[in-house]
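Reader: I would like to learn how to read the contact between two domains. Where do we start?

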Amino acid sequence: MKISSDFTSGNIHCIAAAAPDNIRLSILPDHDSKEMQWFYFCLTGAANASCRMVIENAGQVSYVDGFRDYHAVASYDQDTWFRVPTDFDGESLTIRHQPTRDEVYYAYFAPYTLAQHRQLINRARESSLVSYQSLGKTPDGHEIELLTVGEAGAGKKTAWIIARQHPGETMAEWWMEGCIGRLLDSDDSVAGKLLSQYVFYLVPNMNPDGSARGHLRTNACGRDLNRAWLEPSEAATPEVFVVRQKMQQTGVDFCLDVHGDEALPYNFIAGAEGVPDWSPTRQQELDGYRHHLAELNPEFQTRYGYPVAAPGQGNLSMCTNYIAQHFGCLAMTLEMPFKDAANAPEPQQGWSPARCRKLARSCLEAML
Ligand SMILES: [Zn+2]
C-alpha cells in the first residue's frame, strides 16, 4: 500500500501508511508561505480495504471552517469525481473510503491540472474567433496565457475575465471551461450577441506556478496574487504585473475575477462597494447583475456572501477593487463553494466541475 503525490498539483505528506485503517497524513504549506489547505494524492494497493485516512494538521490550515461539513472528493479515473465520507473534529480531517480499485485519487476539490489547462488552451485556439498571446513568464517558467475572443472595433466594449489567482481554487478553471465553451459555440445566440458588443480577454489560469506546485493560495514566490494589484512586482508577482499592463492597453469595461471560497457553501458575488469612487449607479449595476444571475441560475444566490466593506475602506490591492477604482467599471469577484451549494444541494457530487461550467454559461447570459 502506498500514498503518493509526486505529480503535478499533488500535495500531501505521508506520515504512516502501514495499515489501511490508520493512514496518517499532513498537508504541506505553499512554498515560502504559511497558506495551506489544498491536498491531492493517490492511494494504491488498498482495493476493497476499509481505509481511514487522517490528515493530522487539518486544524492548522488557512480556513479551518472550510473543513466543517466538508466532504473530500475521490476518483478512479481522474475524470469522474465523487464525494466520500469525511469528518472534522477541529484538529484532524478523517476520510473514510473503501476503494473498489487498486488506484484511487483523493483531493480537496476536482483538480484542474496543467495538462487539462493545455488542452483547454489548444482547443480554444482552434477557433477562428480566438487569438492567443503569452504575456510573459512566471518565476517557474510557465507562460502567462491570454485568450482574446472576438475583435476590437468601433463601439466595442472590453470584458476581462480572469480565473485561479488562487491556484487551489480549481473550480475557477472548471468555470472557465464553461465560459470558453459557450463563447466559442457558433450556434449560441447569447454568445453571438455578446461578441457583437464585447471583446473578451480571458486568463484561464492566473497562477500556473501555484497550480503545478500544489499550492492553495500563492505563487512560486509565496505571494498572494490577489493582494498585489496596487503595486505588482515584475520579479515576485509578474502574473499580475503583465496582466495589469495589458489591461492598461485595452481598457476595461467589465471585469470578473473567478474564485472559490473554502468556508461558505454558496455561490455569491462580492462587489467593490468599498472603493472611493463608489456611487448609487454603480450599486445598481452590481445589484442588477447579481439579480439577473440568480434568476437565470438557482444555484447562484444573493443572500449569503462576504461582509460589505465600509465606504472608502476597500482593499485596493485586490483585483476587483483595483479595477473598479482604476477603470471606473463594473468589477466583481465570483466565489463558488468547495462544499456544496446549500441552497440547491446535490450531496453525491457537492459543488462540481459540471456545475461550475453551467454557472459560467449563466454568468455570460446575465452579462448580456
Ligand atoms: Zn480566491
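Author: Across the interface of domain 1 and domain 2, 15 residue pairs are in polar contact, both residues at pLDDT 80 or more. A polar contact is a pair of N or O atoms within 3.5 Å; within protein, one must be able to donate a hydrogen and the other to accept it, and residues adjacent in sequence count only if both atoms are side-chain atoms. This is a predicted model: local features need pLDDT of at least 70, side-chain atom pairs count only at pLDDT 80 or more, and totals for chains, interfaces and linings use all residues. Residues are numbered from 1 along each chain as its sequence is written, and side-chain values use heavy atoms, with hydrogens and water left out.

Reader: What are the bounds of domain 1 and domain 2?

Author: Domain bounds come from an automatic or database domain assignment. Here it gives domain 1 as 2–107 and domain 2 as 114–367. Contact means heavy atoms within 4.5 Å, and 21 residues from domain 1 and 23 residues from domain 2 take part.

Reader: How is the area buried between domain 1 and domain 2 read?

Author: The size of an interface is often given as the accessible area lost when the parts come together. Buried area is that loss (1.4 Å probe), summed over both parts. Between domain 1 and domain 2 it is about 1700 Å², with carbon and sulfur atoms giving 54%.

Reader: Which residue forms a salt bridge with Arg217?

Author: A salt bridge is a side-chain nitrogen of Lys or Arg within 4 Å of a carboxyl oxygen of Asp or Glu. Glu35 pairs with Arg217, the closest N and O atoms being 4.0 Å apart. Between domain 1 and domain 2 the count is one salt bridge.

Notes:
Buried area = accessible area lost by both parts, 1.4 Å probe.
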